Amino acid sequence: MQSRIDKLCEKMHDNEAVFISSYPNIFYYSGFTSEDAYLLISHSGKYIITDSRYTIQAREQAKGFEVIDIAKGFEKIFSRIDEKYIGFEESYMSVAENKRIRAKLKDGQDFVEMQNLINKPREIKDECEIKKIAEAEKIGDMAFEYILGRIKEGVTEREIAFDLEFFMKKQGATALSFDTISASGIRSAMPHGIATDKKIENGDFLTLDFGCVFEGYCSDMTRTVVVGKANDKQKEIYNTVLKAQTTAIDAIKAGMKCSEVDGVARKIITDAGYGENFGHSLGHSVGIEIHENPSFSPKNNAVVQNGNVITVEPGIYIDGFGGVRIEDLIVVQNGKAVNLTSSPKELIEI
């Protein structure tokens, strides 16, 4: 954790400190696993502020942090530091909370938005983080292999989703990365089709997008299968998405713009005549949160770097017919993509 704090402090001016209120950043910088806390990090000290329920836990988990009981009040907490500017995370703090905390600053101090500075170090995953993400993705791979034996006509989307979630937790997952997507038939044309009581029918596409949390880190993968025999159009769409996905993964290199990676997959889908049916970005980073930066987006000119962990998930969605998405999770190492997902991607007919 100290190396992460050192990197943060390197980006801060001498007259700046940061006040962290979001769970992802509290966990990232301190290792503390409760949402009922704040971090205050300055060049001269680091503090974790929580209530009496968690002070023992904070001392055990947040090594090197001075633990302060919030009952002492924010005035005494801010009086411990001399920095003029105290950064906060705009997206994670309500207006009411911001106003309440701002009122407790000592004279001469100012509360300023610094979310990008605070979040930036999380874009590059260290070896420990990559191992945890890989383990979470491994649980997802096992879950997909398991669920293939449970998919059949007459089973509902919701039953499939429940089976996936229960299996992942039995394998050591502590939570889900997000609500499982289980969408069949024409509903597979909805990229975020949450599971319903619709029964799976012969000839349906079934898209499953799921992930789990292992030791604080998320996984994410998507597979689309056909229940019964695929028709020619289903095969064409599936193979177009597969070509776009595998070609994009092979193209990923450190130093590329994220938009260039997106463009590799998007061109293949567009050339096949389905450009208007691929409406979302190619991928997003994954870590403590399921959506982090950077992303493989047409508008994102950030540069791909070693240590980025990003999904590659092109899709084609046709209203009234159905859709296909194939998603793997990759990490950039030694300048190229290493795939953390091992589930088969060839068209599976059940």
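**View 1. Covering of helix α10 in the predicted model.** In this predicted model, the elements that cover the buried residues of α10 include α9 (232–251), β14 (292–296) and β16 (315–318). The buried residues of α10 are Cys258, Ser259, Val261, Asp262, Ala265, Arg266, Ile268 and Ile269. One of these, Ala265, is also the place where α10 bends by about 25°. Because a helix is expected to advance 1.5 Å a residue, the 14 residues of α10 (residues 258–271) should span 20 Å, and the end C-alpha atoms of the helix are indeed 20 Å apart. After α10 comes Gly273, which has a positive phi, near 95°.

**View 2. The hairpin of β16 and β17.** Strand β16, which is among the elements covering the buried residues of α10, forms a hairpin with β17, with 3 residues between the two strands. In the turn of this hairpin, Gly320 has a positive phi of about 85°. The pairing of β16 and β17 is antiparallel and runs over 4 bridges, and within it Ile318 has Gly322 of β17 as its bridge partner. Along strand β17 (residues 322–325), Gly322 and Val324 point one way, whereas Gly323 and Arg325 point the other way, and all of them are buried.

**View 3. An open sheet of 6 strands.** The strands of this sheet follow the order β4-β3-β2-β1-β5-β6, and their pairing is mixed. At the edges lie β4 (66–69) and β6 (110–113), each of which pairs on one side only. On average, and with direction ignored, neighbouring strands of the sheet are turned by 25° against each other. Strand β5 (residues 85–88) pairs with β6 in the parallel sense over 4 bridges, and in β6 the residue Asp110 is the bridge partner of Tyr85.

**View 4. Helices α1 and α2 against the sheet.** Helix α1 (residues 2–11) packs on the sheet, where it touches β1 (16–20), β2 (37–41) and β3 (46–50), and the direction of α1 makes about 60° with that of β2. Helix α2 (residues 23–30) lies across β1, β2 and β3 and runs at about 55° to β2. This second helix is mostly covered, with 7 of its 8 residues buried, namely Pro24, Asn25, Ile26, Phe27, Tyr28, Tyr29 and Ser30. Just after α2, Gly31 takes a positive phi of about 85°.

**View 5. The largest nonpolar core and a second, separate one.** The largest nonpolar core has 36 residues, and those with the most contacts inside it are Val18, Ile20, Tyr29, Leu39, Ile41 and Ile48. Two or more residues of this core come from each of α1, β1, α2, β2, α6 (115–119), α7 (127–148), β11 (217–218) and β18 (328–333). The largest share, 4 residues, is given by α2. A second core, separate from this one, has 31 residues, including Val226, Tyr238, Ile252 and Val304.

**View 6. The surroundings of Ile48.** Ile48 belongs to the residues with the most contacts inside the largest nonpolar core. When its neighbours within four places in sequence are left aside, Ile48 is in contact with Ser30, Phe32, Ala37, Tyr38, Leu39, Ala58, Ala62, Phe65, Glu66, Val67 and Ile68. Among these partners, Ser30 is one of the buried residues of α2, and Leu39 is, like Ile48, listed with the residues that have the most contacts inside the core.

How values were computed:
Residues numbered from 1 in each chain as written. Predicted model: local features only at pLDDT ≥ 70, side-chain atom pairs only at ≥ 80, totals over all residues. Heavy atoms only, no water. Expected span 1.5 Å × (residues − 1). Bend = angle between axes of the 7 residues up to and from the residue. Buried < 20%, exposed > 50% of the residue type's maximum accessible area, 1.4 Å probe, protein only. Contact = heavy atoms within 4.5 Å. Pairing = 2+ DSSP bridges. Axes fitted to C-alpha atoms, helices over the stretch in contact; angles between N-to-C directions. Core = buried A, V, L, I, M, F, W, Y, C linked by side-chain atoms within 4.5 Å.
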